[in-house]
Structure formats: structure tokens, C-alpha cells
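Visitor: I've got a model open on my screen and would like a quick tour. Could you walk me through it?

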Amino acid sequence: MTSDTNPASVDEAAPVGFQEHDHQSCVKTALVSAEARCEGEGLRLTPVRRKVLEMLLQEHRALGAYAILDRLREEGFGSQPPVAYRALDFLVQNGFVHKIERLNAFVACSHPGASHSPAFMICRKCDAVAEAQSTPARGVLGAAARAAGFEIERTVVEAEGLCPDCTEKA
Ligand SMILES: [Zn+2]
Ligand SMILES: [Zn+2]
Ligand SMILES: [Zn+2]
């Protein structure tokens, strides 16, 4: 079978990040659900992992590893790069955080828990990032893959442009 086991979760979620929303409850809800998922799946959300996730949730913006390390240092978690990298590895591997290849930076997942192929919209002016869902098994790429007898397992979709705020100011 294909890796697209949960198609229903893919198309319906709206992109999160650009539009006005209750950000405080957005951060809180995400942290609570991350804690619940870790507990349910026996994953250890250590204080430093939790802190990194919280930092990324505070922003709807990509942060580089060094920015994360700086903040960890300010928060008293020490200044050893492996501390930040290990926490990021854990968060990425378990789907709480995505890596934005284009920026070599990290962003908190807007739809954690759902298995999905994220599609990122990255503002070139302010680095704001919104996450939408892509359905690589469908659409043009899916058709091309089927024609080639290729089974898509993972895609990276990173669109660059201007967010609504920056468009307004332009
Ligand atoms: Zn928010
Ligand atoms: Zn995601
Ligand atoms: Zn912008």
C-alpha cells in the first residue's frame, strides 16, 4: 500500500500561521497535546526538549539552531550545541517540529500527530512560516509518479513569497 494511509487528515486542515488567532491558547494547546502524546507513546519530553518546542511554538517563524541555542543559554540550559541538536532531533523525528531545508531552520508543526506531508509558505521578508498540507500522491506530481511507476514517500514543499502582512506594507 502507499504511505498515504490517512488521506482524510490531509486536505482539510487550513494553513496555520499567517492569520489572526488566539496565539496564547495556540501555544498552550500544542504543548498540552505534545505532553499527552509523549505520555501515551512512552516518549520522554525532557525539560530541554519541552523548552525548545515551546520556543518554536511561540513563533510562527523558523528559528535556526544557533538562535535556539542562544535562548537555551539565556534560560539556563547551558551552552553546549549538542544539547540543542539532540532536542531538535527528537522533536523532528517525532513530528513535533519540521526542518525547513531552504532556511536550515526549524518550525513547530501546526498539525502534530497527523501523519502528513507539510507544505511550507515562507515569507522572504519577515521569515514568517505557515504550514499547509500537500497531497503528493494526487495532483500533477502524483500523476507523473504513477506514470513513472514511482512511489512517493516524502516530498519537500517550500514556497517562497510574501505573507499577508508584508504584502500590505509593500
Ligand atoms: Zn499561534
Ligand atoms: Zn506538520
Ligand atoms: Zn512577511
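Visitor: Let's start at a cysteine: is C26 buried, partly exposed or exposed?

Guide: Keep in mind that this is a predicted model. Buried means under 20% relative accessible area, and exposed means over 50%. C26 comes out at 22% relative accessibility, so its class is partly exposed.

Visitor: Which residues coordinate the zinc ion (ligand 1)?

Guide: The spacing of the donor residues along the sequence is H-x1-H-x2-C-x33-H. One of the donors, H21, is partly exposed at 34% relative accessibility. The donor atoms sit at 2.0 to 2.3 Å, and they belong to H21 (NE2), H23 (ND1), C26 (SG) and H60 (NE2).

Visitor: What geometry does the site of the zinc ion (ligand 1) have?

Guide: Four donors count as tetrahedral if all angles lie between 85 and 135 degrees. Here the angles among the four donor atoms run from 100 to 115 degrees. That makes the site of the zinc ion (ligand 1) tetrahedral.

Visitor: Now the zinc ion (ligand 3): what are its protein donors?

Guide: Its donors are spaced C-x2-C-x36-C-x2-C along the chain. The four donor atoms make angles of 105 to 112 degrees, and this site is tetrahedral. Lying 2.3 Å from the zinc ion (ligand 3), the donors are C123 (SG), C126 (SG), C163 (SG) and C166 (SG).

Visitor: How many residues apart are C126 and C166, two of those donors?

Guide: C126 is in the loop between strand 3 (117–123) and strand 4 (129–134), while C166 belongs to helix 7 (residues 164–169). C126 is partly exposed at 25% relative accessibility, whereas C166 is buried at 7%. The pair links distant parts of the chain, with a separation of 40 residues.

Visitor: On to the aromatics: are the rings of F90 and F96 stacked or edge-to-face?

Guide: A search of the whole structure turns up one aromatic pair. For F90 and F96, the ring centres are 6.5 Å apart and the planes are at 25 degrees. Planes under 30 degrees apart count as stacked, so the F90 and F96 pair is stacked.

Visitor: Which residue has its charged end over the ring of F90?

Guide: F90 is buried, with a relative accessible area of 10%. The charged end over its ring lies 3.9 Å from the ring centre, and it belongs to R49.

Visitor: Which residues does A108 touch, leaving out those up to four places away in sequence?

Guide: A108 is in strand 2 (residues 105–108) and is buried, with a relative accessible area of 9%. Its C-alpha atom is 9.4 Å from that of E131, 23 residues apart along the chain. Another residue on the contact list, F96, is buried at 4%. The full list for A108 is L56, L57, F96, V97 and E131.

Visitor: And E59, which residues does that one touch, again leaving out those up to four places away?

Guide: E59 lies in the loop between helix 3 (47–58) and helix 4 (65–74). Its relative accessible area is 19%, so E59 counts as buried. Its contacts are H23 and R71.

Visitor: Stepping back, how many helices and strands does the chain have?

Guide: Read along the sequence, the pattern is α-α-α-α-α-β-β-β-β-α-β-α. Of the 170 residues, 36% count as buried. The chain's tally is seven helices and five strands.

Key: Residues are numbered from 1 along each chain as its sequence is written. Chains are lettered from A and ligands numbered from 1 in the order in which they are written. This is a predicted model: local features need pLDDT of at least 70, side-chain atom pairs count only at pLDDT 80 or more; totals for chains, interfaces and linings use all residues. Side-chain values use heavy atoms; hydrogens and water are left out. Donors are N, O and S atoms within 2.8 Å of the metal (3.2 Å for Na, K and Ca); water is not among the atoms, so sites may look incomplete. Four donors count as tetrahedral if all angles lie between 85 and 135 degrees; four count as square planar and six as octahedral if opposite donors are over 155 degrees apart and all others between 65 and 115; anything else is irregular. Helices (H or I, at least four residues) and strands (E, at least two) are DSSP runs, numbered from the N terminus. Buried means under 20% relative accessible area, exposed over 50%, partly exposed in between (1.4 Å probe, protein chains only). Rings of Phe, Tyr and Trp (its six-membered ring) pair if their centres lie within 6.5 Å; planes under 30 degrees apart count as stacked, over 60 as edge-to-face and the rest as tilted. A charge sits over a ring if NZ of Lys or CZ of Arg is within 6 Å of the ring centre and within 35 degrees of the ring normal. Contact means heavy atoms within 4.5 Å.
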